[in-house]
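Colleague: I would like a close look at one part of this protein, the five-stranded sheet and what packs around that sheet. Please take me through the strands, the neighbouring helices and a few single residues.

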Amino acid sequence: MSQEAETPSSDVLLRLLCERSNEHAFVLLDTAGRIVGWLPGAQNLFGYLPNEILGQPVSKLFTPENVKAGMVEYEQEVARTDVEAEDDRWMLRKDGGRVWATGVLTPIRDAVGQLVGFGKILRDRTDLRGQMQSLSKQIDSLKAAEERKNRFISTLSHELRNPLSALSLAQGLLKYAGNDEQALTDAVNTIERELYTIRRMVDDLIDVTRVSAGKVQLQLKCQDLRPVVESALEVCRPKIDARSHDLHAIISSSPLEVNIDADRMRQVLVNLIENASNYTKNGGSIWVKASVESGEAVVKVEDNGVGISPDVLPHIFDLFTQAEFAGEKKDGGLGIGLSVVKDLTQMHGGSVQVRSDGLGKGSEFTVRLPLAKCEDVPNNAR
């Protein structure tokens, strides 16, 4: 067939262009799939000048993976059946970059119905593709958050059931203990212990809500961090002793001057130390180290406990994440403390990191705070 016979008539081309006037690019192909028409919109989209692209196979605009998958031939076969071949895919620019194009390949026939070529109309929707990918990631993130929330609610129900069962037993003991002082003492101790557990759960929930809402106000004061570390150790010592953990406290002999809210920083450290205790088997070891590294006050809480799996590690400080690997945990708790740890540490201008070589290999949490020279801190921060 001659070039004149293969080229669609001007009235057909005009009709197609009018119908697709809102599209960005129009490419004209002969029956063999060679480019024989290259309008300015196509030049803008792909970067080729007419003399660079005319006569070239349309496969030049397709990605290698789509060429290998036979998408060029498939698209033309569909169009030959008088059905528009719609496509949404990545295509190649002259500079090697990729553009997400939506378009259609339309068969063009002469007056007697003979196929003389194809018209390919394209739109650059790379922006839309980016938005779709962003929305897809947001949807996946929301689904993951929903799953973590559901697991958290399940954990909450379980953790509340335990102290409530103990309180119910203590109530029965009080009812029938009579003058048995030992039974009365045991019942009172059980009530005190389980009320403390429930109070900690409620406090954790309140803290998460207040921190997330930005309602926590720090009372900053320049001070030595070491007494705060020692105070946190004293708070945690009963639990550590009850689990027969071997505690090693290695604290700098020099002051660690930082600008902190002592109560909130103690809360951070208590959470980390209790977390180490919760996830370390009876008789295991816990290390608490406080020192200076690279101009920062650093507190490390390390244990030889159950460790953290690689897939959980990147999300360990996300709300509800801790409940996902609470199977080894032996004490009560909602597993939301690490989210509070991260938020409170960042409010102090610091950071917290975690390291673990995997399940069964322990973990190490590191809190870093900027050092301060107390004589340089304004009076209202002392």
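Modeller: What follows starts with the chain as a whole, goes through the sheet and its surroundings, and ends with a second region for context. The model is a predicted one. The protein chain has eleven helices and twelve strands. Of its 382 residues, 42% count as buried. Among the contacts in the chain with a separation of 6 or more, 64% are between residues 24 or more positions apart.

Now the sheet. Five strands make up an open sheet with mixed pairing, and their order is β7-β9-β10-β12-β11. The edges are β7, residues 246-251, and β11, residues 351-355; each has a single partner strand, so one side of each has no neighbour in the sheet. On average, neighbouring strands are turned by 15° against each other, with direction ignored. Helix α9, residues 226-242, packs on this sheet and touches β7, β9 (285-293) and β10. The direction of α9 makes about 175° with that of β7.

Within the sheet, β10 and β12 deserve a separate word. Strand β10 covers residues 296-303 and strand β12 covers residues 363-370; the two run antiparallel and are joined by eight bridges. One residue pair to find on screen is Val 299 with its bridge partner in β12, Val 367. As a general point, side chains in a regular strand alternate between the two faces of the sheet.

Next comes the loop that leads into the edge strand β11. Gly 350 lies in this loop, between α11 and β11. The relative accessible area of Gly 350 is 16%, and the cut-off for buried is under 20%, so Gly 350 counts as buried. Leaving aside neighbours within four places in sequence, Gly 350 is in contact with Thr 345, Arg 368, Leu 369 and Pro 370. For Arg 368, 18 residues from Gly 350 along the chain, the C-alpha atoms of the two are separated by 5.4 Å.

Helix α11, residues 337-347, meets helix α10, residues 262-278: their axes come within 9 Å and cross at roughly 145°. This crossing is left-handed. On the α10 side the contact is made by Arg 264, Gln 267, Val 268, Asn 271, Leu 272 and Asn 275. On the α11 side the residues are Gly 337, Leu 338, Val 340, Val 341, Leu 344 and Thr 345. By class, the contact has six nonpolar, five polar and one charged residues. Thr 345 thus appears in the contact with α10 and also among the residues touched by Gly 350.

Strand β8, residues 257-260, holds Val 258. Val 258 has 1% relative accessibility and so counts as buried. Not counting residues up to four places away in sequence, Val 258 touches Lys 221, Cys 222, Gln 223, Leu 225, Ala 297, Leu 369, Pro 370, Leu 371 and Ala 372. Leu 369 and Pro 370 are also in contact with Gly 350. The C-alpha atoms of Val 258 and His 348 are separated by 9.5 Å, with the two positions 90 residues apart along the chain.

For context, here is a region earlier in the chain. Strand β3, residues 85-92, pairs with strand β4, residues 98-109, in the antiparallel sense over eight bridges. Glu 86 stands opposite Val 104 in β4. The hairpin of β3 and β4 has five residues between the strands, and Gly 96 there takes a positive phi near 90°. Thr 102 lies in β4 and, at 18% relative accessibility, counts as buried. Leaving aside neighbours within four places in sequence, Thr 102 is in contact with Asp 87, Asp 88, Ile 121, Leu 122, Arg 123 and Arg 125.

Helix α6, residues 71-80, has Val 72, Glu 75, Gln 76 and Ala 79 as its buried residues. Seen down the helix axis, these buried residues fall within an arc of 95°, so they line one face of α6. Glu 73 and Tyr 74, on the other side of α6, are exposed. The buried residues of α6 pack against α5 (64-68), β3, β4 and β5 (115-124). After α6 comes Asp 82, with a positive phi near 70°.

Methods:
Residues are numbered from 1 along each chain as its sequence is written. This is a predicted model: local features need pLDDT of at least 70, side-chain atom pairs count only at pLDDT 80 or more; totals for chains, interfaces and linings use all residues. Side-chain values use heavy atoms; hydrogens and water are left out. Axes are lines fitted to C-alpha atoms, for helices over the stretch in contact, and angles run from 0 to 180 degrees between N-to-C directions. Helices (H or I, at least four residues) and strands (E, at least two) are DSSP runs, numbered from the N terminus. A crossing is left-handed if the near helix is turned anticlockwise from the far one by less than a right angle, and right-handed if clockwise. Contact means heavy atoms within 4.5 Å. Ala, Val, Leu, Ile, Met, Phe, Trp, Tyr, Cys and Pro count as nonpolar, Asp, Glu, Lys and Arg as charged, and the others, Gly among them, as polar. Two strands pair if DSSP finds at least two bridges between them. Buried means under 20% relative accessible area, exposed over 50%, partly exposed in between (1.4 Å probe, protein chains only). The arc is that of the directions from the helix axis to the C-beta atoms.
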